[in-house]
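User: I would like to go through how some labels in this model are justified. Please set each value against its cut-off.

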Amino acid sequence: MKQNQKGFTLIELMVIIAIIGLLSSVITVALSRARIKGRDSKRLADTRQIITALQAYNSSYGDWPGTYNQWYCLAPNTEANCYSNLYGPITSTMETQFSEFITTFPKYGVPAGNTYYDRYIYKYGAVSGKTGGWISAIYEETPPSGICTTTPTLYDGYYFCNIYLGP
């Protein structure tokens, strides 16, 4: 005589747990990509803010700030610890020359552990055969077309992008 059994079998429970695990991994990947896109969107807005400030400086003074062919860390003087994979440590800042055009220097918002890539860098000089103002920005995904003047370089999991501001 069969008893009336209530509940799930072990196999049914294992199938349900596997489905839940699969769904949670898909959601985690989607959320991770959304975070990356959000950080890159903020970087793009910050890049445009820096471009506007540098161009305002150029319009006001008729020249780009800084010493020719020297990279500068776009950071307060107390936080001058930029690093570039191509140019090495950068300790000069633009705070004094640039403070009337930008009040707060944006940070990249790079995930913890990558402090080298925490700040934008700027140069008045020659890059890729063009002389003028340049900034270097990083993105976690391929930068939108039309932003980078040079081909973005993938290094250490980030796309490095040089942006020409003009002669």
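User: What makes Glu 140 and Arg 39 a salt bridge?

Analyst: In this predicted model, the closest N and O atoms of Glu 140 and Arg 39 are 2.6 Å apart. The cut-off is 4 Å between a side-chain nitrogen of Lys or Arg and a carboxyl oxygen of Asp or Glu, so the pair counts as a salt bridge. Glu 140 lies in the loop between E5 and E6 and Arg 39 in helix H1, so the pair ties together parts 101 residues apart in sequence.

User: Why is Glu 140 called buried, and what is Arg 39 called?

Analyst: Glu 140 has 16% relative accessibility. Buried means under 20%, so Glu 140 is buried. Arg 39 has a relative accessible area of 24%; partly exposed lies between 20% and 50%, so Arg 39 is partly exposed.

User: Which residues are joined with Glu 140 into one network?

Analyst: Arg 43 also forms a salt bridge with Glu 140, with the closest N and O atoms 3.1 Å apart. Through shared salt-bridge partners, Arg 39, Asp 40, Arg 43 and Glu 140 form one network.

User: How do you know that Lys 37 and Glu 141 form a salt bridge?

Analyst: Their closest N and O atoms are 3.5 Å apart, and the limit is 4 Å, so the pair qualifies. Lys 37 is in helix H1 (residues 10-61) and Glu 141 in the loop between strand E5 (130-139) and strand E6 (153-155), 104 residues apart. Lys 37, at 45%, is partly exposed, whereas Glu 141, at 18%, is buried.

User: How many salt bridges are there by this rule?

Analyst: The count is 6.

Technical notes: Residues numbered from 1 in each chain as written. Predicted model: local features only at pLDDT ≥ 70, side-chain atom pairs only at ≥ 80, totals over all residues. Heavy atoms only, no water. Helix = DSSP H or I, 4+ residues; strand = E, 2+ residues; numbered from the N terminus. Buried < 20%, exposed > 50% of the residue type's maximum accessible area, 1.4 Å probe, protein only.
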